[in-house]
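Dear colleague,

I am passing on the structure we spoke about, together with a summary of what was found in it. Please look at it first and then read the notes below.

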Amino acid sequence: MKIFVDTADLDEIRELASWGIIDGVTTNPTLVKRSGRSFNEIIEEIFKIVDGPISLEVVSEKADDMVKEAKQLVSKIPQKYRKNIAIKIPMTSEGLKAVKKLSKEKIQTNVTLVFSSNQALLAAKAGATFVSPFIGRLDDIGQEGMEIVEEIMEIYTNYDIETEVIVASIRHPIHVIEAARLGADIATVPPGIIRKMVKHSLTDKGIKSFLDDWKKVKK
Ligand code: E4P
């Protein structure tokens, strides 16, 4: 399973990328706001850090405006990085129209705010490169979010659909394990959760006791 980092925080992306485990990045307007940087500054830097799909979200609501905004975004990215841009499009009927148009022009799309397998089926039919079911937000309203990932994986497998599934809105490390067990293509994980994934108290304890014992060895 590929791991994307779900943040617009450039320092976090830089640090986690240096661990050698980051395959891409997802951002959204809230994450950009949280980063405290301008959108232009983020766009300028982010592609230099990670050589993999980078999702940037449009904020238009009409299909033609989304397509126009997507193309403006693409034009801002230096040619050598353009293969990595994925335009995040919200899951609406206007969004589907935009996805269809962008896919004809070979511009990658990530259909976001997906909360059902029917939505994921439609996004794939429109030609989405990626689809992002939001697991945590479903859990928040008392619905088992991971069930829709299971359904989407089954449906996509039944029809050899090439759209890749990005498990999004991940709230804790167990979500990542569940996504991997279901065979999801990608999990997009907030930096804090990636940091939790790397830690285990027995690892820390083991290192400490090895170092303590090493001090007692004659060299
Ligand atoms: C995915 O691409 C989104 O940026 C993200 O996973 C949203 O998660 P949230 O529900 O924590 O805001």
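In what follows, a residue is called buried if its relative accessible area is under 20% and exposed if that value is over 50%, while anything in between is called partly exposed. By that rule Gly 183, which has a relative accessibility of 38%, counts as partly exposed because its value falls in between the two cut-offs. Please keep in mind throughout that this is a predicted model.

To start with Gly 183, its place is in the loop between helix α9, residues 173-181, and strand β8, residues 186-189. The C-alpha atom of Gly 183 is separated by 11 Å from that of Ile 152, and these two residues are 31 residues apart along the chain.

As for the chain as a whole, its secondary structure comes to 11 helices and eight strands. The C-alpha trace spans about 75 × 40 × 30 Å along its principal axes, and of the 219 residues in the protein chain 45% count as buried.

The ligand may be what you want to look at next. The ligand sits in the largest pocket, where it is surrounded by Asp 6, Thr 26, Asn 28, Leu 31, Lys 88, Phe 134, Arg 137, Ala 168, Ser 169 and Arg 171. Sorted by character, the residues of this shell divide into three nonpolar, three polar and four charged. Which side chains of the shell place a polar atom 2.7 Å from an oxygen atom of the ligand? Asn 28 does so with a polar side-chain atom, an N or O atom in the side chain of Arg 137 is at 2.7 Å from a ligand oxygen, and for an N or O atom in the side chain of Ser 169 the distance to an oxygen atom of the ligand is likewise 2.7 Å. Taken alone, the ligand exposes 340 Å², and the protein buries 86% of that area.

One member of the shell, Thr 26, can be followed a little further. Thr 26 belongs to strand β2, which covers residues 24-26, and with a relative accessible area of 1% it is buried, because that value is under 20%. The side chain of Thr 26 is also joined to the side chain of Thr 188 by a polar contact of 2.5 Å.

Helix α5 offers another pair of side chains. Glu 94 has its place in helix α5, and the relative accessible area of Glu 94 is 17%, so this residue counts as buried. The side chain of Glu 94 makes a polar contact with the side chain of Lys 97, at 2.7 Å.

Finally, there are two backbone angles to check by eye. Lys 106 has a positive phi of about 60° although it is not a glycine, and this residue lies in the loop between helix α5, residues 93-104, and strand β5, residues 108-114. Is Lys 106 buried or exposed? Lys 106 counts as exposed, because its relative accessibility is 75% and the cut-off is over 50%. Leu 113, another residue other than glycine, has a positive phi near 60°, but Leu 113 is found in strand β5, and with a relative accessible area of 30% it is partly exposed.

With best wishes

Methods: Residues numbered from 1 in each chain as written. Predicted model: local features only at pLDDT ≥ 70, side-chain atom pairs only at ≥ 80, totals over all residues. Heavy atoms only, no water. Near = heavy atom within 4 Å. Polar contact = N/O pair within 3.5 Å; in protein donor to acceptor, adjacent residues only side chain to side chain. Areas by Shrake-Rupley, 256 points an atom, 1.4 Å probe, with all protein chains shown as cover. 1 Å grid on protein atoms, 1.4 Å probe; cavity = no way out; pocket = protein on both sides within 12 Å on 5 of 7 lines; lining within 4 Å. Sits in = over half its atoms within 2 Å of the grid points. Nonpolar A, V, L, I, M, F, W, Y, C, P; charged D, E, K, R; others polar. Helix = DSSP H or I, 4+ residues; strand = E, 2+ residues; numbered from the N terminus. Buried < 20%, exposed > 50% of the residue type's maximum accessible area, 1.4 Å probe, protein only.
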